[in-house]
Amino acid sequence: MVTYLVGALNGLAMGSLLFAIALGLSLVFGMMDVLNLAHGAVYLVGAYVAVALAGDGASPAAFVLAVPAAAGAGAVLGGVLAGLSRATPHHLDQALLTLGVSLVVAELLSVFFGNDVHSVAAPAPVAGSVTVFGESYPVYRLLVIGFGVVLAVGVYALVERSRLGSLIRATVADRGMVSALGVHTGRVLVGVFAAGAGLAAVGGVLAGPILGAAPGLDEKVLLLALVVVVIGGLGSVRGALLGAVLIGQVQALGTTLLPEYASFLVFAAMALVLLLRPAGLLPARTAVHA
Amino acid sequence: MSAAERTQAVDGIRPRRTAGKAVVAVAVLLLLAAAPLVLGAYPVSTMTRILAFAVLVLSVDLLTGVTGLPTLGQAAYFGAGAYTAALVGIHLTSDASVQLLAGLVAGLVTAALTGWVAVRARGVVFLMLTLAIGESVHQVADTWSVVGASNGLAGMPPITLFGGPPLLAAGFVYWWVLAAAVVVFAAVALVVRSPYGRTLRGIRDNEARMRALGYRPALARYGVFCLAGAVAGTGGALWAAHARFVSPGDLGFEVAALALLSVVIGGAGSLWGPCLGAALVLLVRDNLSAAVGGHGPLVLGLVFVAVVFLLPRGVAGLAAGIRRRKEGLS
Amino acid sequence: MTPLLELRGLTRAYGSLTAVSGVDLSVLPGERHALIGPNGAGKSTLFATVAGTLPATAGTVLFDGADVTALPEAKRARRGLLRTYQHSSVFLGCSVLDNVALAVQRVHRVAHRFDRAARRFRRTEAEALRHLESVGLAGRGADPAAALSHGERRQLEVAMVLAAEPSLVMFDEPTAGMSAAETERFAALVERLPSELTLLIVEHDLDVVFRLADRVTVLHLGQVLASGTAEQIRADDAVRAAYLGSARTDDLFTGGTP
């Protein structure tokens, strides 16, 4: 029983990270139908920023510094991707462009950092463990869960309560109508693209002490983020949250129960959701909610 | 000119052009068949891999070019075919035709089991779902011990044909792969020209119109997805027959992306264009990669970006444009 | 005679907006029935609801004596209820012949065959060609549909719909955006259609309406305002007041009666 509870905690930590990563992917897709295949590469940039600045875990300040550094790098990359995808109206071409960027970025990363698996130590003050359910549990993962909760509340407030948020929701629901109303959607789209990419890169830093950094990790993360978006419903913030928590739990349960079939379980979960709710659990387009 | 005369005029042009095409096709076939007689073992081995990969690319073209469903998941069915053929080779028989059939069935069954998830979507959502399916199958291959997990599946004996001796020379394997690839190409060409191919193009152009004419597009889409799975599985079996080793990398994201890139470079919807694209893409990956210090993916990434801006309709589109311009002049 | 198409209290709402409200309408076999009404009267919505493109909110659609309200669009088409679109809807990437052949091969039940090349299905090809000829596009079979003019696309759409062997064809504003010459050619084409074919036409051009229609139904604010022969509609005071918004109906209707 305790094993499951610890597994559930791990799942929550994973879910928090997945929410941070999948949010940008979902909103960019919902707002402009761009499938950003470089999203995993953006994540990996964040992970390597953590390796470069705070790989040894000696200095907590360096780790804290890595977060804005990664956010900046991710946002720049997101801006470039947004500019590229706005250069062509065809969705397949946009996907191919982001795919090309992802290959280039991943290859550059492996040129600079090599092909070894890098691990990132949690910053010293939170590297220890506390006793949870009678077992010792890493403090860092609890902090990640806390980060997920804060992020979810913050994004909810931004998207559901602010003017910018209502513009984002309206753009997801009906882009043509928003443009027809005279709102210049271009800047909002680029902004959301950059912010989403920045958040994914921050996810890369925070996931560093859990998942490390290695070539190929970008694809795994992209897959999980895609599944989260598909399960939750395209362009939906609440959907991304629900999907992330669900997939986090499926992953954690899978690794506890059937480690060999963990990835199969993720697909099975996606297939099941699509069978019952083809548009995802909380789709954005039928009902205009975050 | 009356309508009847114009119809005749169109028909009068057609046989000549068809005859010209047939001559080119036979010439290309003869050249391909003669390759092992003049080339060394390494280029022949490269050409074998290109042929097997081209079969995968044909399956992507069937979905992306003909039906308008861009896919990043075909490598999964290619891999299913390759793993199945390798397992048959290791445990059952070295007969290449049995392996081919097993690969075909494996691709078909895997596509039939997973395809219904994807075919309800269209456009970029379809792309996204196929990518998720493909990556999931990849992860399964990477962790499942029955197929060697991340080590892959080695120890496949050389193939035999019709009870003959093992085909050890690269040339013989090449001829087998060439023969099979030509048959698949002809089969896909037949599908494209058939009434079903017309139905698929109709779905690509205007799905709502198809429904208003009484069609059920979802059924036709599922059918072509299974068909494309079978084609990709056949390609996988051919790949395994040559490599005699299958690893999770063979059904990874990169393979799926390269297959889609080949279709886009070649010109979606044309059949010969994407085959040419397949050759180009594999040559770039394997040869240019060495020339730029092993950074093939870097070059490929730039190729992706360049293709979108420079070759929006692929090589086949370029050729069609030149042909039109010539006809306009004459 | 039992009507071929009968609507009973057909209603379609978008949220709180009721675009079509309790429409009763019957169209007899072989009748040429026109549906007119000012912009926003609900003509296009009614059309889409009858064709099955949109589900009805309430009411029933009876076609050939059977309740088809719950059937999807494709199944209604298979029973012979075909429609055209306000903006020509053809297969732009396919050849002109392929456009028509798509309709024919579904009727001939060969749409999913892939054992032979399409041109080996002689009966299907010949039938498609015959329909192209009947709308005057015989020489364009090999051209891509994208190369056709606006008027030619309309002609192609008629050939497609006829090739699907309909018993009722619904035209949604067929002459919208056409030149005078194209409109004339189109009206002549419709007049030549077999007399047993039932037509329901939404049309703005009243000349065309009174030239082609046996009966006219006027739709206003989602409801049937009047229904009758062309003469009855011309004389109807309610139509004058609501549809035309003025008493000077004679000016507006003179075009139809030279």
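For chain A, the unreviewed UniProt entry lists as "transmembrane region" residues 12–30, 37–55, 61–84, 96–113, 139–159, 188–211, 223–246 and 258–276. For chain B, the unreviewed entry gives residues 22–44, 50–69, 76–94, 100–119, 167–192, 219–243, 255–284 and 296–322 under that heading. Those UniProt positions are in the numbering used here, with feature names shortened, and such annotations may be inferred rather than shown by experiment.

Before going on, keep in mind that this is a predicted model, where local features need pLDDT of at least 70, side-chain atom pairs count only at pLDDT 80 or more, and totals for chains, interfaces and linings use all residues. Residues are numbered from 1 along each chain as its sequence is written, chains are lettered from A and ligands numbered from 1 in the order in which they are written, and side-chain values use heavy atoms, with hydrogens and water left out.

Here is how some of those listed spans look in the model. Helices (H or I, at least four residues) and strands (E, at least two) are DSSP runs, numbered from the N terminus.

| Span | Helix | Strand | Distance between end C-alpha atoms |
|---|---|---|---|
| Chain A, residues 139–159 | 100% | 0% | 30 Å |
| Chain A, residues 223–246 | 83% | 0% | 15 Å |
| Chain B, residues 50–69 | 85% | 0% | 24 Å |
| Chain B, residues 76–94 | 84% | 0% | 23 Å |

Now for where chains A and B meet. Here 40 residues of chain A are in contact with 38 residues of chain B, contact being heavy atoms within 4.5 Å. The two chains bury about 3,500 Å² between them, and carbon and sulfur atoms give 81% of that. Buried area is the accessible area (1.4 Å probe) that two parts lose on being put together, summed over both. Between chain A and chain B there are zero salt bridges, a salt bridge being a side-chain nitrogen of Lys or Arg within 4 Å of a carboxyl oxygen of Asp or Glu. Chains A and B also have one residue pair in polar contact, both at pLDDT 80 or more. A polar contact is a pair of N or O atoms within 3.5 Å; within protein, one must be able to donate a hydrogen and the other to accept it, and residues adjacent in sequence count only if both atoms are side-chain atoms.

On chain A's side, the elements giving two or more residues are α4, α9 (217–232) and α11 (262–276). The largest share, 14 residues, comes from α4(A). Sorted by class, this side of chain A has 30 nonpolar, four polar and six charged residues. In this sorting, Ala, Val, Leu, Ile, Met, Phe, Trp, Tyr, Cys and Pro count as nonpolar, Asp, Glu, Lys and Arg as charged, and the others, Gly among them, as polar.

On to chains B and C. This time 29 residues of chain B touch 40 residues of chain C. The buried area is about 2,800 Å², with 58% from carbon and sulfur atoms. B:Arg198, B:Arg209 and B:Leu213 supply 27% of the area that chain B buries against chain C, more than any other three residues. Four salt bridges cross this interface. B:Arg201, for instance, forms a salt bridge with C:Asp98, their closest N and O atoms being 3.5 Å apart. Chains B and C also have 21 residue pairs in polar contact, both at pLDDT 80 or more. α7(B) gives the most to chain B's side, with eight residues. By class, that side has 13 nonpolar, six polar and 10 charged residues.

Across the whole structure, a search finds 19 salt bridges over all chains. B:Arg221 pairs with B:Glu207 in a salt bridge whose closest N and O atoms are 2.8 Å apart. B:Arg221 sits in helix α9 of chain B and B:Glu207 in helix α8, 14 residues apart.
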